[in-house]
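Student: Could we go through this model together, looking at sheets, salt bridges and burial?

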Amino acid sequence: MQTILFFVSLITIFEVVQADDPLRPQYHMMPAKNWLNDPNGPVYFNGYYHMFFQYNPNAAVWGDMHWGHCYSKDMVHWIHLPVALAPDQPYDINGIFSGSTTIVNGIPTIIYTGITNTSAQVQCQAQPVDMSDPTLTNWKKSLLNPLITTPNGRDPSTAFQDDEQNYYLIYGYGTEDLGGQAVLFTSKDFLKWTYLHPFHSNHYDSFWECPDIFAVTNRIVLKASLLGRDFWTLGDIDPIKLIFIPDNHDLGEFIQLIDHGRFYASKTFYDPVNDQQIIMGWTSEEDNLGPKRGWQGCHTLPRTIFLSDDGSELRSRPIDALKTLRDEQSHESFHSVVLPSYIPFELIPNTHGNQIEILINWQFPMHQNLDFGLIVLSTSNGSQQTSIGITSRDNTSVMFNWDLSGWDYFSVPSIIDWSSCQIACNKDPKCQAWTFVKDRQINNNCFLKSGIPFLTSNSVCISGVKQRHDDKQIIWIYMNRILSQKNPDAAHNILHAPIWMESTNANTHWFLQLDIFIDHSVIEIFEPQGGRFALTGHVYPEEENADNLAVYVNEAPNDDDSIVIDTIDVWKLYTIWT
């Protein structure tokens with residue numbers, strides 16, 4: 001291909017949206033001020049979507065938990081409502097913790113965790129005061145509260161029913177001895193609940209939070225929050241034992257991450273308008289200045305959940321309705337941009353934005369050592385920047401002088417060389433990657449991993465990725481935040497998501513589309529066509545002009561091959577608040 005880099009001809013300006021705080025997100029759900037964490041009780045009812053959330057109305061720090069409340073016609077544009085639930089009873093005086101909403105006999109019914117005056121965790125119920133009010137502004141707590149007092153767990157899920165109209169409910173529990181659990185209850189009337197047994201458990205963590213059980217395309221999905229991350233897995237419910245049995249990989253195995261970045265305490269619900277299951281998570285701040293700013297925390301963009309073509313993996317992508325945020329008059333589209341062999345930093349002239357969506361289609365050669373990408377939120381000289389890149393290796397089965405750090409679940413005993421470590425991984429269905437450390441003693445030198453961590457150079461390590469079919473190649477998508485901000489107390493670590501590329505023809509190039517949402521201090525990255533990963537992170541650029549876009553190639557293809565941006569589309573996005 002003879003096309004040359006022609007960014008010099010592009011003239012596109014996306015205005016920087018000025019807010020009280022230039023870092024404050026404008027199209028992510030959050031309260032007007034103070035603290036937000038878990039999404040709670042999402043439901044569609046009488047033509048409106050409702051989202052509740054863990055909220056401290058008095059400060060931008062965790063504490064004094066209430067349920068904040070917003071509602072929407074389209075799940076995109078939201079209106080703030082008064083606090084829905086406040087801690088004002090002995091059974092919840094120390095906090096209204098997370099919970100869910102279930103439609104019971106036509107009535108939206110909240111089940112939430114109350115923190116009692118003795119700091120016990122109990123499960124309580126609330127219903128709307130006025131069913132004719134489309135905003136469902138006012139709620140009344142059940143006179144029978146608390147409905148469940150033991151085990152001492154939290155975060156009840158949306159209930160489901162069997163063929164005999166029995167309700168079933170799970171919530172999070174666990175101990176050091178028992179491990180993390182989702183415990184199961186049943187009821188005929190949604191008021192009198194009977195404890196049955198642990199619905200599912202394992203020992204990856206000692207407590208599970210925010211479990212959910214739901215169906216996607218006639219498959220059963222269990223999700224939970226543990227190890228500081230959110231995981232999900234496909235499986236079945238044993239109709240006799242009433243326990244969940246995973247198909248293959250379990251919660252707590254890093255191949256099962258819902259989002260590879262800052263994403264926790266997520267909540268799912270069914271959207272009957274578009275016949276889809278929706279998930280939204282809490283993305284917490286990654287610096288120390290939230291109390292000074294007066295706000296902390298927001299929810300991720302709503303995502304639709306679906307299955308891979310073979311039905312074996314869960315996938316997600318942003319909901320289609322988010323396209324209504326695009327300012328079509330601001331839209332610019334560029335085509336067939338061929339990147340030179342090496343570019344440390346190539347500014348895209350006159351192209352700016354910190355409240356934008358970028359849809360980029362990359363084309364790059366297979367099975368080569370590559371490192372390239374797009375730079376966002378950059379100063380004009382690149383001194384402050386965040387890079388969203390792609391890296392690949394020509395051979396990932398064995399990589400000398402590379403470490404795959406983290407996500408270990410087992411240190412294999414009696415290993416004397418890297419090849420034995422590789423064999424141990426290949427024999428273990430749980431293992432996705434391995435690292436052998438040459439200067440460690442036997443029994444502490446071979447580490448098996450339940451996911452595929454990011455590559456880091458290390459001369460004493462030999463690592464490898466368990467290979468799939470011959471027509472697949474692992475690559476890594478990453479968010480490099482080393483230069484994103486000056487604040488030493490903000491996160492600078494690299495976030496990453498592995499993705500398996502699969503060839504469907506004799507082509508020698510991979511094609512990958514990324515959908516990138518930049519909202520001041522929040523970045524969300526998706527692979528929208530296949531939904532194979534999501535990656536969320538925060539950056540806090542202090543420089544006023546850190547709103548430029550650029551490209552880079554740190555490691556280029558061999559011979560005469562090229563990295564090409566087939567298309568790049570950029571839109572300014574409107575705020576979600578009406």
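The conversation below takes up these topics in turn.

Tutor: Happy to! This is a predicted model, in which local features need pLDDT of at least 70 and side-chain atom pairs count only at pLDDT 80 or more, while totals for chains, interfaces and linings use all residues. Residues are numbered from 1 along each chain as its sequence is written, and side-chain values use heavy atoms, with hydrogens and water left out.

Student: Which strands stand at the edges of the sheet β5-β6-β7-β8?

Tutor: Strands here are DSSP runs of E with at least two residues, numbered from the N terminus, and two of them pair if DSSP finds at least two bridges between them. In this sheet, 4 strands follow the order β5-β6-β7-β8, with antiparallel pairing, and the sheet is open. An edge strand has a single partner, so one side of it is left without a neighbour in the sheet; that is the case for β5 (96–104) and β8 (139–141).

Student: By what angle are neighbouring strands of this sheet turned against each other on average?

Tutor: The axes are lines fitted to C-alpha atoms, and angles run from 0 to 180 degrees between N-to-C directions. With direction ignored, the average for neighbouring strands of this sheet is 30°.

Student: Which residue in β8 does alanine 126 stand opposite?

Tutor: Start with the pairing: β7 (residues 121–128) and β8 run in the antiparallel sense and share 3 bridges. Opposite alanine 126, in β8, stands lysine 141.

Student: What is the salt-bridge partner of lysine 141, and how far apart are the closest N and O atoms?

Tutor: A salt bridge needs a side-chain nitrogen of Lys or Arg within 4 Å of a carboxyl oxygen of Asp or Glu; the structure holds 19 of them. For lysine 141, the partner is aspartate 92, with the closest N and O atoms 2.6 Å apart.

Student: Where does aspartate 92 lie, and how many residues separate the pair?

Tutor: Lysine 141 belongs to strand β8, and the bridge links distant parts of the chain. Both lysine 141 and aspartate 92 are buried (under 20% relative accessible area, with a 1.4 Å probe and protein chains only; exposed is over 50%, and partly exposed is in between). Aspartate 92 sits in the loop between β4 (78–85) and β5, and the separation is 49 residues.

Student: Is arginine 154 buried or exposed?

Tutor: Its side chain meets that of glutamate 209 in a salt bridge, at 2.9 Å from N to O. Arginine 154 lies in the loop between β8 and β9 (160–161), while glutamate 209 is in strand β13 (residues 209–216), 55 residues apart. Since its relative accessible area is 19%, arginine 154 is buried.

Student: Aspartate 189 and lysine 192 also meet in a salt bridge. Is lysine 192 buried or exposed?

Tutor: The N to O distance in this pair is 3.5 Å. Aspartate 189 has a relative accessible area of 35%, so aspartate 189 is partly exposed. With a relative accessible area of 62%, lysine 192 is exposed.

Student: Which residues are joined into one network by salt bridges that share partners?

Tutor: Lysine 141 takes part, the residue we met in its bridge with aspartate 92. The network's members are Asp88, Asp92 and Lys141.

Student: Which strands stand at the edges of the sheet containing β23 and β37?

Tutor: This open sheet has 6 strands in the order β23-β39-β25-β35-β36-β37, with antiparallel pairing. Each edge strand has a single partner, so one side is left without a neighbour in the sheet: the edges are β23 (326–339) and β37.

Student: How many residues of β37 are buried?

Tutor: In a regular strand the side chains alternate between the two faces of the sheet. On one side of β37 are Ala534, Thr536 and His538, on the other Leu535 and Gly537, and all are buried. The strand is therefore largely enclosed by the rest of the structure, and the count is 5 of the 5 residues.

Student: What is the bridge partner of valine 522 in β37?

Tutor: β36 and β37 pair in the antiparallel sense over 5 bridges. Phenylalanine 526 stands opposite alanine 534 in β37. For valine 522, the partner is histidine 538.

Student: Does proline 528 count as buried or exposed?

Tutor: Proline 528 is in the loop between β36 (522–526) and β37 (534–538). Its contacts (heavy atoms within 4.5 Å), not counting residues up to four places away in sequence, are Arg317, Leu359, Gln513, Leu514 and Asp515. At 12% relative accessibility, proline 528 counts as buried.
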